[in-house]
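Notebook open, model loaded. I want to look at the ligand surroundings before anything else.

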Amino acid sequence: MRYDRVALSGAAWTTPDEWRAVNVRMGAFVARNRAALSSAMAFARALARSLEALAVSMDRLCAVTCPFCPDLCCRRATVWFDRADIILLHLAGHALPAAQVWRGQDGACGYLGTRGCRLPRASRPFICTWYLCSAQMLRLRRDGLIALPSRIAAAKGLRRRMVDAMRCVQDSERRVAATARL
Ligand code: SF4
Ligand code: SF4
């Protein structure tokens with residue numbers, strides 16, 4: 001891993017060791033609780049499918065807005081993988097990104113490549129899909145594509161339900177551990 005990287009202020013798991021540790025912990029938790037996590041996994045799979053379907057529309061939208069943008073958001077945005085993003089990566093069985101989002105020396109997101117984001121849509125921080133800039137909103141209104149924000153909101157709802165289902169299993173594991181210590 002190159003270390004001309006700038007960690008994002010406010011982000012968790014910014015060092016290679018922290019990133020590895022959180023993913024080892026999450027992977028072990030999922031392996032220990034696979035049966036109990038069936039509901040959370042169903043939400044995760046539904047969310048992943050929804051993000052993959054959104055990718056087609058989002059890529060089309062980006063193709064008609066981003067090449068003309070004077071201020072590329074991926075060059076200035078402060079986004080990172082949060083806990084729900086990590087949960088989705090593990091429950092949906094996606095390949096893990098190499099590191100928490102970082103900035104290059106030029107200030108741009110470290111995952112920004114010459115042809116846009118190098119991560120598959122479903123493996124990006126959710127905020128990268130949730131965010132529609134004013135140029136994109138204008139374009140959606142102009143073309144009558146008002147369903148896209150609703151589809152993104154539906155994906156956000158699935159994400160919340162996935163996290164809630166995950167939390168139930170984590171709480172239950174904690175209760176069992178506490179009882180065993182009595
Ligand atoms: S999403 Fe909007 S702000 Fe970001 S690069 Fe595209 S047009 Fe620009
Ligand atoms: S992860 Fe991808 S979409 Fe999100 S800010 Fe970075 S380059 Fe842009």
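Started with ligand 2 and sorted its shell by residue type: eleven nonpolar, one charged and no polar. This is a predicted model, so I'm reading computed positions throughout.

Then I listed who is in that shell. The cysteines I noted around ligand 2 are Cys74, Cys109, Cys117 and Cys128. Ala77, Val79, Val101, Tyr111, Leu112, Leu119 and Pro125 are there too, along with Arg124.

Next, ligand 1. What sits around ligand 1? I found Cys62, Cys66, Cys69, Cys73 and Cys133, plus Thr65, Leu72, Ala135 and Gln136. By type, the ligand 1 shell splits into seven nonpolar and two polar, with no charged residue. I also checked which helices feed this shell: helix 2 and helix 5 (134-143) each give at least two residues.

Moved on to helix 6, residues 147-181. Does its length come out as expected or not? At 1.5 Å a residue, its 35 residues should span 51 Å, and I get 52 Å between the end C-alpha atoms, so the two agree.

Which residues of helix 6 are buried? My list reads Ile152, Ala155, Leu158, Arg159, Met162, Ala165 and Met166. I looked for what covers them, and the cover includes helix 2 (38-65), helix 3 (83-91) and helix 4 (127-130). Helix 2 therefore goes down twice in my notes, once for the ligand 1 shell and once for covering helix 6.

Last, confidence. Mean pLDDT for the chain is 93, with 98% of residues at 70 or more. Helix 3 has the highest mean, 98, and strand 1 (residues 6-7) the lowest, 84.

Definitions and conventions:
Residues numbered from 1 in each chain as written. Chains lettered and ligands numbered in written order. Predicted model: local features only at pLDDT ≥ 70, side-chain atom pairs only at ≥ 80, totals over all residues. Helix = DSSP H or I, 4+ residues; strand = E, 2+ residues; numbered from the N terminus. Expected span 1.5 Å × (residues − 1). Buried ≥ 20, exposed ≤ 12 C-beta atoms within 10 Å, placed from the backbone. Contact = placed C-beta atoms within 7 Å. Near = placed C-beta within 6 Å. Nonpolar A, V, L, I, M, F, W, Y, C, P; charged D, E, K, R; others polar. pLDDT = per-residue confidence, 0-100.
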